[in-house]
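Me: Please take a close look at one part of this model. I would like to know which side-chain links are found there and how exposed their residues are.

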Amino acid sequence: MRIRRILAAVFATAALAGLGLTGAATAATATAGSVTAIAGSVTPGECTDNGGTIDRSTPVLPTCRGGMYDGQTVD
């Protein structure tokens, strides 16, 4: 759901800036990848679907343990 909103915002920005469809698709792909990497948090479903478990014993936020998202916070 988060990715859809990000992609919609990127496409709207690109359209207003006068970029062509190819440029908008490239910008959307680059932005979606960088936002995910910066955020460093995953949904509970992403954690468990990719082989991890949710560790709720961490002091601030739950953390994904194991799997593809090991060590990332769960939101």
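Reply: What follows is a look at strand E3 and the side-chain links made from it. The model is predicted. Strand E3 covers residues 63-65, and both Cys64 and Arg65 belong to it.

Take Cys64 to begin with. A disulfide joins Cys64 to Cys47, with an S to S distance of 2.1 Å. The partner, Cys47, lies in helix H3, residues 44-49. Cys47 and Cys64 are 17 residues apart, so the disulfide links distant parts of the chain. The torsion about the S-S bond of this pair is about 90 degrees, and the disulfide is therefore right-handed. Cys64 has a relative accessibility of 0% and counts as buried. Cys47 is also buried, at 1%. Both values fall under the 20% cut-off for buried residues. The count of disulfides in the structure comes to 1.

Next is Arg65, which forms a salt bridge with Asp55. The closest N and O atoms of Arg65 and Asp55 are 3.3 Å apart, and the cut-off for a salt bridge is 4 Å. Asp55 sits in strand E2, residues 53-55. Arg65 and Asp55 are 10 residues apart, and this pair too links distant parts of the chain. Side chains of opposite charge can pair when their charged atoms come close. Arg65 is partly exposed, with 36% relative accessibility. Asp55 is partly exposed as well, at 22%. The structure holds 1 salt bridge.

To sum up strand E3, Cys64 is bonded to Cys47 in helix H3, while Arg65 is paired with Asp55 in strand E2.

Technical notes:
Residues numbered from 1 in each chain as written. Predicted model: local features only at pLDDT ≥ 70, side-chain atom pairs only at ≥ 80, totals over all residues. Heavy atoms only, no water. Salt bridge = Lys/Arg side-chain N within 4 Å of Asp/Glu carboxyl O. Helix = DSSP H or I, 4+ residues; strand = E, 2+ residues; numbered from the N terminus. Buried < 20%, exposed > 50% of the residue type's maximum accessible area, 1.4 Å probe, protein only. Disulfide = S-S within 2.5 Å.
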